[in-house]
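Colleague: Please take one part of this model and go through it closely, in a way that a first-year student can follow. I would like to see how that part sits among its neighbours.

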Amino acid sequence: MSRLASGLQRLRRSSSQWEVLWSALASCGLVLFSQLAVAMVPRLFPFLSLLAMLPIAGLVFIAAIVLGRLWRRFIGVAASAPLFVLFNILLLWGVYVFVIRRETSSLLDMLINAECALLLWGFYRILSGDPGIVACDSSYLEEAGCKDFVEAIYSSEKLPMLSRVRQCTWCKANIRGYDHHCPAFGTCIGQKNHRLFMALLTGFVVAESTYTMCSTKYITRCISSGTIRSENPVSLNIVISTTLFSILQVLWQIVFLMWHIYCICFNIKTDEWVISNFPCFGVFVHQLQVVFSLAVSCS
């Protein structure tokens with residue numbers, strides 16, 4: 001069992017079952033609230049095309065997420081980003097199975113079901129896997145002549161074995177080949193899970209593109225065959241809203257995927273690029289990491 005998986009188990013044990021349950025309910029509620037808010041766009045603007053609805057849907061989705069975060073102050077429960085992603089996958093899959101599936105060919109049906117199942121499996125693997133955690137060994141500090149592990153990491157020329165090891169400011173773990181912390185997956189992206197991260201990112205783009213293709217065919221057939229009036233308006237609006245959501249997701253994920261392909265081609269990490277191109281920000285992050293390290297050591 002990986003160190004990260006052990007840490008997740010300790011976190012679950014330290015949190016009460018009610019806290020986990022309320023966090024899951026808050027995440028599910030935020031997904032439903034945001035999707036229903038986007039579903040109001042085709043209802044209020046039925047005369048617009050899907051492309052014309054996109055910017056409006058984007059603004060509505062962002063506003064719904066902001067309102068959801070503000071609502072957290074009243075209920076005192078924070079939604080979980082990984083659970084938010086998980087429930088969105090399940091929602092898209094559910095809408096496809098119960099609404100869109102009857103208008104899809106058997107081959108495409110097998111493809112999209114396999115893609116969703118693989119996404120869930122990969123999502124579980126990246127949550128439970130080890131990104132490349134490096135244990136803090138006192139022998140490293142003595143060999144490098146440093147006072148703390150963060151200083152040893154940033155002075156890796158003194159200790160080549162700590163080359164490309166960085167401390168994450170989110171989870172305060174020392175990760176080999178650290179690229180960035182991914183809130184959506186709830187884990188750091190490092191040497192051991194970078195390939196899985198790229199595969200998952202590609203999988204999301206492919207699955208959401210396939211869903212968009214199936215849903216647009218369903219909407220087009222409803223309009224061309226004249227059955228749009230006989231369709232349940234709620235289900236049809238949900239199909240349109242999830243289609244808009246999928247298109248928005250694909251747009252930024254393609255840019256994100258291209259960025260990571262660029263980084264792979266030139267052998268750079270996101271964290272290294274930020275520090276090298278924005279040195280002031282890099283110094284601030286380093287100082288913040290030192291403060292975190294001292295706070296942990298004193299606690």
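**Helix 9 and its surroundings**

Modeller: A good place to begin is just past the end of the part I have chosen, where Asn267 lies in the loop that links helix 9 to helix 10 (270–277); helices here are DSSP runs of H or I with at least four residues, strands are runs of E with at least two, and both are numbered from the N terminus. The model is a predicted one, in which local features need pLDDT of at least 70 and side-chain atom pairs count only at pLDDT 80 or more, while totals for chains, interfaces and linings use all residues. Residues are numbered from 1 along each chain as its sequence is written, and side-chain values use heavy atoms, with hydrogens and water left out.

The backbone at Asn267 deserves a second look. Most residues other than glycine have a negative phi. Asn267 is not a glycine, and yet its phi is positive, at about 55 degrees. With a relative accessible area of 53%, Asn267 is exposed, where exposed means over 50%, buried means under 20% and partly exposed lies in between, for a 1.4 Å probe and protein chains only.

Before we move into the helix, some background on the chain will help. It has 11 helices and 4 strands, and 42% of its 299 residues count as buried. If we take the contacts between residues at least 6 apart in sequence, 66% of them join residues at least 24 apart, a contact being a pair with heavy atoms within 4.5 Å. Helix 9, which covers residues 233–265, gives several examples of residues far along the chain that meet in space.

Let us start inside this helix with Ser246, which is one of its residues. Ser246 counts as buried, because its relative accessibility is 0%. Once its neighbours within four places in sequence are set aside, the residues in contact with Ser246 are Leu92, Glu208, Tyr211 and Thr212.

Which residues make the contact between helix 3 and helix 9? On the side of helix 3 they are Leu50, Met53, Leu54, Ala57, Gly58 and Phe61, and on the side of helix 9 they are Ile240, Thr243, Leu244, Phe245, Ile247 and Leu248. Sorted by class, this contact holds 10 nonpolar residues, 2 polar ones and no charged ones; Ala, Val, Leu, Ile, Met, Phe, Trp, Tyr, Cys and Pro count as nonpolar, Asp, Glu, Lys and Arg as charged, and the others, Gly among them, as polar. The axis of helix 3 (residues 50–75) comes within 9 Å of the axis of helix 9, and the two cross at roughly 80 degrees. Each axis is a line fitted to C-alpha atoms over the stretch in contact, and the angle, which can run from 0 to 180 degrees, is taken between N-to-C directions. Helix 3 and helix 9 are therefore roughly perpendicular, since that word covers 65 to 115 degrees, with under 35 called roughly parallel, over 145 roughly antiparallel and the rest oblique.

Helix 9 also meets helix 2, and here the axes come within 8 Å and cross at roughly 105 degrees, so this pair is roughly perpendicular as well. Helix 2 brings Gln35, Leu36, Val38, Ala39, Pro42 and Arg43 to the contact, while helix 9 brings Pro233, Asn237, Ile238, Ile240, Ser241, Thr242, Leu244 and Phe245. The residues of this contact divide into 9 nonpolar, 4 polar and 1 charged.

One residue from that list, Ala39, lets us see the meeting at a finer scale. Ala39 belongs to helix 2, which runs over residues 17–44, and Ala39 is buried because its relative accessible area is 6%. Leaving out neighbours within four places in sequence, Ala39 is in contact with Asn237, Ile238 and Ser241. Along the chain Ala39 and Thr242 are 203 residues apart, but their C-alpha atoms are separated by 7.9 Å.

Finally, a record adds an outside view of the neighbours. The unreviewed UniProt entry annotates residues 20–41, 47–67 and 74–99 as "transmembrane region"; its positions are given in the numbering used here, feature names are shortened, and annotations may be inferred rather than shown by experiment. In the model, residues 20–41 are 100% helix and 0% strand, with their end C-alpha atoms 33 Å apart. The span 74–99 is 81% helix and 0% strand, and its end C-alpha atoms lie 35 Å apart.
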